[in-house]
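The following exercises concern helix packing, chain contact and residue environment. Please examine the sequence and the structure before working through the solutions.

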Amino acid sequence: MSAPVVVFWQKNPALAWREIDDETIIISPNDSVMHELNDTGSFLWKNIDGRKSAAELAELLVENYEVKPEIALSDTEALLQEMSSRKLVVAVPATSGVSP
Amino acid sequence: MSAPLANSGRGPRQQFELSIGCVALRLEMSDAQLFDAASARYAAFTGAAAQPVTIALNESAAPEGPPADFDYEFEGAALRVFSNGIRFDGVRHQYALDSLLRVLLSWKLLGHRGFLLHAATVIRSGKAYLFTGRSGAGKSTVASLAPEGSVLTDEISLLRRENGAWRAHGTPFWGEFRAAGSNTSAPVGGIFRLQQAAENQATALRPLAILRALLPNVLFFSADAEANRRLLEILSQAATEISGYNLAFRKNSAFWEVLPS
């Protein structure tokens, strides 16, 4: 068995977003669809920079919110999958050395 | 309203200048009938201004050089913004010209911290009150209930942040009320999202809710990410700085009594 492939997450560069009232509104210009992220979703969004894995993002969540590590990881993975299905984020190979 | 001008003849090139929301434009065209129709259509908004942007209408020569910074097509009419000028092609009647001017303005206003909004704007006690909502929400009703001369527009409002404050400008783009807009401006008193109801009632909204109310009603036609980021930044600032309300609206003039002064 091979080790699971680690991926980093990055924002879809085609999007426009803005934080307001501790929430984030994301606009997808190609289809004019609006997406909203709550407080913790906004925190994760801010930290999605193409250089962090789901586990690293979950660690940041634990450091900043009162949440157990296993819950933080499952919530983070669920949010990333949801955002990925909406084409808000994309996974990149962790070995590719994504530049900032 | 004028009939389509598909068979109109070409004559010498004519031009007129107009200013909408202080965005200065110069239209150049050879089509005499379209020129007459457009001159009459935008009569209240004509006037010389410093350094207008020139729009060449239905020029036959194909443009050369780098691709357009922004382009848009609508029912055969095309708008292209180049670094050295703007072209409108395939414009057969004034409706097409009207549509392309709206698209162009929505783009140009990004550089002026402004935007176009589906909203009626009415002046009351020196302030502009904007009533936004989809078709049927009551924009035209609000305009029809307002005193004569107080309607800046019954359909498409123009907002700009000038010297640290938001102002609403009249536009020549009309809706069901068919009132030519007034070429004046006033400081914004508030934005109201219309919702039909049995009673009139205004409820204050926080900035996030104001942004949510604005977004579906903003006119914007570019899919460019950077342009959309700029627009969202401008809209967020508007939502933070302008008072916004839900207005439960019974479609009678008594709604003025529930508006915050």
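**Exercise 1. Where is B:Asn58 found, and what is notable about its phi value?**

Step 1. B:Asn58 sits in the loop between β3 (53-57) and β4 (70-74) of chain B. Helices (H or I, at least four residues) and strands (E, at least two) are DSSP runs, numbered from the N terminus.

Step 2. The phi angle of B:Asn58 is near 50°, a positive value in a residue other than glycine.

Step 3. B:Asn58 has 18 C-beta neighbours inside 10 Å and therefore counts as partly exposed. A residue is buried if 20 or more other C-beta atoms lie within 10 Å of its own, exposed if 12 or fewer, and partly exposed in between, with C-beta atoms placed from the backbone.

A note on conventions: this is a predicted model, in which local features need pLDDT of at least 70 and side-chain atom pairs count only at pLDDT 80 or more, while totals for chains, interfaces and linings use all residues. Residues are numbered from 1 along each chain as its sequence is written, and chains are lettered from A and ligands numbered from 1 in the order in which they are written.

**Exercise 2. Describe the environment of B:Lys251.**

Step 1. B:Lys251 belongs to the segment after β15 (244-249) of chain B.

Step 2. Its phi is near 65°, again a positive value in a residue other than glycine.

Step 3. B:Lys251 has 15 C-beta neighbours inside 10 Å, so it counts as partly exposed.

**Exercise 3. Determine how the buried residues of helix α4 of chain B are arranged.**

Step 1. In α4(B), residues 207-214, the buried residues are B:Ile210, B:Leu211, B:Ala213 and B:Leu214.

Step 2. Viewed down the axis of α4(B), these buried residues fall within an arc of 160°, so they line one face of the helix. The arc is that of the directions from the helix axis to the C-beta atoms.

**Exercise 4. Characterise the packing of α4(B) against α5(B).**

Step 1. Two packed helices are described by the angle between their axes and the distance between the axes.

Step 2. α4(B) packs with α5(B), residues 225-241, at an angle of about 130°, and their axes are 8 Å apart. Axes are lines fitted to C-alpha atoms, for helices over the stretch in contact, and angles run from 0 to 180 degrees between N-to-C directions.

Step 3. The two helices, α4(B) and α5(B), are therefore oblique to each other. Angles under 35 degrees count as roughly parallel, over 145 as roughly antiparallel, 65 to 115 as roughly perpendicular and the rest as oblique.

Step 4. The crossing of α4(B) and α5(B) is right-handed. A crossing is left-handed if the near helix is turned anticlockwise from the far one by less than a right angle, and right-handed if clockwise.

Step 5. From α4(B), the contact draws on B:Pro207, B:Ile210, B:Leu211 and B:Leu214, and from α5(B) on B:Leu235, B:Ser236, B:Ala238, B:Ala239 and B:Thr240. Two residues are in contact if their C-beta atoms, placed from the backbone, lie within 7 Å.

Step 6. The residues of this contact comprise seven nonpolar, two polar and no charged. Ala, Val, Leu, Ile, Met, Phe, Trp, Tyr, Cys and Pro count as nonpolar, Asp, Glu, Lys and Arg as charged, and the others, Gly among them, as polar.

**Exercise 5. Is B:Ala238 buried or exposed, and which residues does it touch?**

Step 1. B:Ala238 is placed in helix α5 of chain B.

Step 2. With 25 C-beta neighbours inside 10 Å, B:Ala238 counts as buried.

Step 3. Not counting residues up to four places away in sequence, B:Ala238 touches B:Leu159, B:Trp166 and B:Leu214.

**Exercise 6. How many residues does each chain bring to the contact of chain B with chain A?**

Step 1. Chain B supplies 14 residues and chain A supplies 13 residues.

Step 2. On the side of chain B that touches chain A, α4 and α5 of chain B each supply at least two residues, and α5(B) gives the most, with seven residues.

Step 3. The side of chain B that touches chain A divides into eight nonpolar, two polar and four charged residues.

**Exercise 7. Characterise the crossing of α2(A) and α3(A).**

Step 1. The axes of α2(A), residues 54-64, and α3(A), residues 69-85, come within 8 Å and cross at roughly 125°.

Step 2. That angle makes α2(A) oblique to α3(A), and their crossing is right-handed.

Step 3. By class, the contact of α2(A) with α3(A) has 10 nonpolar, one polar and one charged residues.
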